[in-house]
Amino acid sequence: MTKLLQWLFGVSLLVAGWALVSFDLLDLKLPQPYREVAWPMPLYLLVSFGCYSLATVGYRVATFNDCEEAAKELQEQIKEAREDLRKRGLKM
Amino acid sequence: FASPWRKYSVLLPTYNERENLPLIVWLLVKYFGETGYNYEIIVIDDGSPDGTLEVAEQLQKIYGQDKILLRPRASKLGLGTAYIHGVKHATGNFVFIMDADLSHHPKFIPEFIEKQKEGDYDLVSGTRYGGNGGVYGWDLRRKLISRGANFLSQVLLRPGASDLTGSFRLYKKKVLENLVERCVSKGYVFQMELIIRARQLNYTIGEVPISFVDRVYGESKLGGSEILSFTKGLLTLFATT
């Protein structure tokens, strides 16, 4: 099953469950509180996911390592390499 | 119990890397030399107009034809075919893939090797995002796009690897042969597809944090068209794998 199909399947299950409870499709006569909580769930979940995404990406950008040392080390090694290669006969 | 034979082939696709090629080769020779492992460097030049091949020939004279192999092509034919071409000529049983522009540092090679041995991994991926991996030379915009794109890829594809677009990796040769044949994408998405297909085939993936020193970014900004083609590629992978 492709990821797309997995998502469609999962979303269908959630939508079916939500519709069942919100609109009382099976005539289960569920208590009103259940229906009141279920009804706005899709919106809540979307908004929560949106906030989670922003927070996660924001955190990851803020803590993205800057490799200052690596850049310096590279510069020094480039000098060393050029010198050594020159000695070995490389014409640049 | 005889220890199994190991030889590492490093594939270096090059295009206009006249300045960088000697430097990356020097670093590879240094770090492989320190580990004592058997290795070879395969330079796959796509007809660079700046004389990269000529520099490669000089390097061959300096380091030997058994260490530096030249397998050039007439024109720019893309990374996927460069890997296929390179792997055909590799005499090692392990293959390193990396960039020739010094953004990937050979000092991580011993870490890749040890990691691979540790879990007998089918592939080891260098990650800029996990552990103490990182980048140098990226502004806020670049970091934001990179993290955002990676987050989206993680949510949609759940790949089990933290850095999908990275291209500093170690593969078992048979694994790479198998994967490259099946991959059809281009650019960043090609590297992603390699990991996704590896997952599909139940290959094991290990990770090593790496530092990515970007000296090229200033010249090639990440523009709208690249973002668009990345998104198209991501959605294609989402719908087909």
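G47(B) is partly exposed, with a relative accessible area of 37%. This glycine makes a handy starting point for a walk through the structure, which is a predicted model.

**Starting at G47(B)**

G47(B) sits in the loop that runs between β2 and α2 of chain B. Leaving out residues up to four places away in sequence, G47(B) touches Y15(B), R73(B) and A74(B). How far apart in space are G47(B) and K115(B), C-alpha to C-alpha? The answer is 35 Å, for two residues that are 68 residues apart in sequence.

**Where the two chains meet**

Let us move on to the contact between the chains. Chain B brings 43 residues to it and chain A brings 34 residues. Together the two chains bury an area of about 3,500 Å², and carbon and sulfur atoms give 66% of that area. Which residues of chain B lose the most area to chain A? They are W26(B), R147(B) and F151(B), which together make up 21% of what the chain B side buries.

There is polar chemistry here too. Across the interface of chain B and chain A there are 13 residue pairs in polar contact, with both residues at pLDDT 80 or more. On the chain B side, the elements that give two or more residues are α1 (20-35), α2 (52-63), β6 (134-136), α5 (140-157), β9 (211-213) and α8 (224-240). Of these, α5(B) gives the most, with ten residues. Sorted by type, the residues on this side of chain B comprise 23 nonpolar, eleven polar and nine charged.

One residue to look at up close is S211(B), found in strand β9 of chain B. Is S211(B) buried or exposed? S211(B) is buried, at a relative accessible area of 8%. Its contacts, leaving aside neighbours within four places in sequence, reach both chains: C67(A) and A70(A) on one side, and S103(B), K107(B), F108(B) and G134(B) on the other.

**The nonpolar cores**

Next, the interior. The largest nonpolar core has 47 residues, and those touching the most other members are Y8(B), L12(B), L28(B), F32(B), I41(B), F96(B) and F112(B). α4 (68-87) of chain A supplies at least two residues of this core, as do several elements of chain B, including β1 (7-14), β2 (38-45), β4 (94-97) and α4 (109-119). The largest share, ten residues, comes from α1(B).

Y8(B) gives a good view of this packing. Not counting residues up to four places away in sequence, Y8(B) touches F32(B), Y37(B), N38(B), Y39(B), E40(B), F94(B), F96(B), I113(B) and L170(B). Another core lies apart from the largest one; it has 34 residues, among them L69(B), L157(B), V189(B) and I205(B).

**Salt bridges**

Side chains of opposite charge can pair when their charged atoms come close. Over all chains the count comes to 16 salt bridges, and three salt bridges cross the interface of chain B and chain A. Four of the pairs are set out here.

| Pair | Closest N to O distance |
|---|---|
| E19(B) and R82(A) | 4.0 Å |
| R86(A) and E83(A) | 2.6 Å |
| R18(B) and E54(B) | 3.5 Å |
| D122(B) and K172(B) | 3.3 Å |

Within chain A, R86(A) and E83(A) are three residues apart in helix α4, so about one helical turn separates them. R86(A) counts as exposed, at 54% relative accessibility, whereas E83(A) is partly exposed, with a relative accessible area of 35%.

The pair of R18(B) and E54(B) has another setting. R18(B) lies in the loop between β1 and α1 of chain B and E54(B) lies in helix α2 of chain B, so their salt bridge ties together parts that are 36 residues apart in sequence. R18(B) is partly exposed at 23% relative accessibility, and E54(B) is partly exposed as well, with a relative accessible area of 39%.

What does the salt bridge of D122(B) and K172(B) tie together? D122(B) lies in the loop between α4 and β5 (123-127) of chain B and K172(B) in strand β7 (residues 169-172) of chain B, so the pair links parts that are 50 residues apart in sequence. Both D122(B) and K172(B) are buried. Through shared partners, salt bridges join D120(B), D122(B) and K172(B) into one network.

Conventions. Residues are numbered from 1 along each chain as its sequence is written. Chains are lettered from A and ligands numbered from 1 in the order in which they are written. This is a predicted model: local features need pLDDT of at least 70, side-chain atom pairs count only at pLDDT 80 or more; totals for chains, interfaces and linings use all residues. Side-chain values use heavy atoms; hydrogens and water are left out. Contact means heavy atoms within 4.5 Å. Buried area is the accessible area (1.4 Å probe) that two parts lose on being put together, summed over both. A salt bridge is a side-chain nitrogen of Lys or Arg within 4 Å of a carboxyl oxygen of Asp or Glu. A polar contact is a pair of N or O atoms within 3.5 Å; within protein, one must be able to donate a hydrogen and the other to accept it, and residues adjacent in sequence count only if both atoms are side-chain atoms. Helices (H or I, at least four residues) and strands (E, at least two) are DSSP runs, numbered from the N terminus. Ala, Val, Leu, Ile, Met, Phe, Trp, Tyr, Cys and Pro count as nonpolar, Asp, Glu, Lys and Arg as charged, and the others, Gly among them, as polar. A nonpolar core is a set of buried Ala, Val, Leu, Ile, Met, Phe, Trp, Tyr and Cys residues joined through side-chain atoms within 4.5 Å. Buried means under 20% relative accessible area, exposed over 50%, partly exposed in between (1.4 Å probe, protein chains only).
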